[in-house]
Amino acid sequence: MTVLRLILGDQLSHQIASLRDIHIDTDIVLMAEVGAEVTYVKHHKRKIAFLFAAMRHFADELRRAGTTVIYRHLDDPDNGGSLESEVKQAIAARQISKLVVTMPGEYRLMEIMKSWQSTLGIVVELREDDRFLCSLDKFATWADGRRQLRMDFFYRDMRRDYNILMDGSEPIGGKWNFDSDNRESPKAGMVIPPPLQFAPDDMTSDVLGLVAARCADHFGDLDDFGFAVTRQQALAVLDHFIDQRLPDFGRYQDAMLLDEPWLYHSHIGFYLNAGLLLPAEVIAAAETAYHSGRAPLNSVEGFIRQILGWREFVRGIYWLKMPGYADLNFFEAERDLPEFFWTGNTKMLCMAQAVDATRKYAYAHHIQRLMVLGNFALLAGVAPSQVNAWFLIVYADAYEWVELPNVSGMVLFADGGYLASKPYAAGGAYINRMSNYCRECHYKVSQKNGAAACPFNYLYWDFLIRNRPKLQDNARLGMMYRSLDRMDVEKIAAIRHDADQFLAALPEA
Ligand SMILES: Cc1cc2nc3c(=O)[nH]c(=O)nc-3n(C[C@H](O)[C@H](O)[C@H](O)COP(=O)(O)OP(=O)(O)OC[C@H]3O[C@@H](n4cnc5c(N)ncnc54)[C@H](O)[C@@H]3O)c2cc1C
Ligand code: SF4
């Protein structure tokens, strides 16, 4: 009895549920680079190269351990172009009794897989992805009866359940959250450790050639590719982060610096989401660093919160609320995504820096995504479907289960406050406080109105004015609406005028 075990590009974990009970004498693993998954949105070249290179290395590891692997390259003449056609071909060529697959990270693909049992005519076992620390049932139970979900409460329960950074029933240090010690502005002359990069081996070089040829019209650069493509390399990146960056992760978590795309972030999202690292081991490594005195509590707690809290929380929301979540548009925003999201061709230096890093590395850190790119899309009223498509395409760590709640929920408030208690909207002063961009920018951050003024300044107030009926009862925005009420009519007219002019002439911004 031969079981076919399908492994997707983001399931590169030897512990994945679908490999757990494998009989290597009889069972077969199927992995496929398929055009349908690469081009249903035209992913960043670097993201495709990373995933194919990591998939090929993973298949190689399986083979070396004695497993039979069918691996379909993108340019194989018989490549059927979709996962379904690859599964069909594998079944037709062999006596397969059952297909085992771990649930995918995307609702669209999950629906396709659910239909396989009837369309393929064999038993299909769809297993839960238990690399995550909160099962979908557990999340649904936690969310049941709550009108709005708040990450902070979810995170506390997860800390208690997994006994992480706990002192009995109390959080270590007496607080659940140490963000008041974080959020420092960047310092001039900071020496930031460079990220750990790996020169491509022959297998990765082949993939880079393939992607350059087949995806020439996709966004992004392939130059100086240095991502980890094996578990061993990803573990080295994690060690490097714990050693060199984690101690300062908390302090500079929200900082942005000119021409410094990596800062003190961990750069492990690509590896976690593809399966080369597991969340539990990453959290354990950070917690150990705290207990052994190698990193302070504010950094370790802040870092663990991102993984045990935010990462699990957004995934829970995705599966709880799909498919409707993808269509939400609380503000009825309809503007097209400005072209400079692709070209970086804008006089707003903060935006140009974020797009430039994104194009080069398929990476921008959280504050660039949230408070620069996302903030701009929110204030300008860009249609959520277009913002989501962009974020899904351009980042090497982007999969719909994590991208969609971050964009629609956290950034665009498109769910009307189910995920976040208020929109993360901000004017230029925030960006100026957390970065050194503004002093080099064409626009003047200190100026509130007029052609030279920082666009974030008037767009921020214009956003609050435009959306007043939907936001004025939000208690967390009360102070801002009281400030607005104190503005004189001329000031408000100037804000509306500048915003209208700017948005009408976006290509020149
Ligand atoms: C608009 C927007 C879009 C985003 N899209 C994605 C995405 O497609 N894929 C993705 O993995 N993350 C996404 N994030 C979350 C976060 O920005 C990235 O996880 C992070 O920047 C990855 O870089 P890093 O590994 O250096 O993370 P660090 O800053 O070092 O954080 C450590 C880890 O915590 C986790 N994490 C941190 N914040 C979040 C969050 N809000 N949601 C989920 N996990 C989080 C990630 O696994 C990350 O690797 C998005 C955030 C925003 C605001
Ligand atoms: S002045 Fe405004 S547009 Fe320019 S970098 Fe600062 S926040 Fe961005």
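This is a short talk on one chain, its domains, the surroundings of its two ligands, one helix and a few backbone details. Please keep in mind that the model is predicted.

I will start with the domains. The assignment splits the chain into domain 1 (2-127), domain 2 (136-193 + 245-321) and domain 3 (340-508). Note that domain 2 is written as two stretches of the chain. Taken over C-alpha atoms, the centres of domain 1 and domain 2 are 31 Å apart. Where these two touch, domain 1 puts in nine residues and domain 2 puts in six residues. On the domain 1 side of that contact, five residues are nonpolar, three are polar and one is charged.

Next, ligand 1. It has 27 residues around it, and the closest are H265, S266, G269, Q306 and A398. Four elements give two or more residues each to this shell: α11 (269-274), α13 (297-321), α16 (366-380) and α18 (400-411). Which of them gives the most? That is α18, with six residues. In terms of domains, at least three residues of the shell come from domain 2 and at least three from domain 3. The shell around ligand 1 counts 13 nonpolar, 10 polar and four charged residues.

Now ligand 2, which is surrounded by 14 residues. M348, C350, C438, C441 and C454 are the closest. At least two residues of the shell come from each of α15 (349-361), α19 (428-434) and α20 (455-466), and α19 gives the most, with three. How many charged residues are in the shell around ligand 2? There are no charged residues there; 12 are nonpolar and two are polar.

On to a single helix, α7. It runs over residues 151-162, and its 12 residues reach 16 Å from the first C-alpha to the last, close to the 16 Å expected. Buried in α7 are F154, Y155, M158 and R159. Why do these residues line one face of the helix? Seen down the axis of α7, the buried residues fall within an arc of 140 degrees, so they share one face. On the face turned away from them sit the exposed residues D152 and D161. The cover over the buried residues includes α6 (136-143), β6 (166-167), β7 (170-171) and α13. Just after the helix comes N163, with a positive phi of about 50 degrees.

That brings me to backbone details. Most residues other than glycine have a negative phi, and most peptide bonds are trans. L263, in the loop between α10 and α11, has a positive phi of about 45 degrees and is not a glycine. L263 is buried, because 24 other C-beta atoms lie within 10 Å, and the cut-off for buried is 20 or more. F413 lies in the loop between α18 and α19, and its phi is also positive, near 55 degrees. With 27 other C-beta atoms within 10 Å, F413 is buried as well. The peptide bond from M322 to P323 is cis, with omega near 10 degrees, and P323 belongs to the loop between α13 and α14 (340-343).

Last, P261, which is in the loop between α10 (246-249) and α11. P261 is buried, with 20 other C-beta atoms within 10 Å. Setting aside neighbours within four places in sequence, P261 contacts A357, Y361, Y363 and A364. P261 and Y361 are 100 residues apart in sequence, while their C-alpha atoms are 8.8 Å apart in space.

Methods
Residues are numbered from 1 along each chain as its sequence is written. Chains are lettered from A and ligands numbered from 1 in the order in which they are written. This is a predicted model: local features need pLDDT of at least 70, side-chain atom pairs count only at pLDDT 80 or more; totals for chains, interfaces and linings use all residues. A residue is near a molecule or strand if its C-beta atom, placed from the backbone, lies within 6 Å of it. Ala, Val, Leu, Ile, Met, Phe, Trp, Tyr, Cys and Pro count as nonpolar, Asp, Glu, Lys and Arg as charged, and the others, Gly among them, as polar. Domain bounds come from an automatic or database domain assignment. The expected span of a helix is 1.5 Å times one less than its number of residues. A residue is buried if 20 or more other C-beta atoms lie within 10 Å of its own, exposed if 12 or fewer, and partly exposed in between; C-beta atoms are placed from the backbone. The arc is that of the directions from the helix axis to the C-beta atoms. Two residues are in contact if their C-beta atoms, placed from the backbone, lie within 7 Å.
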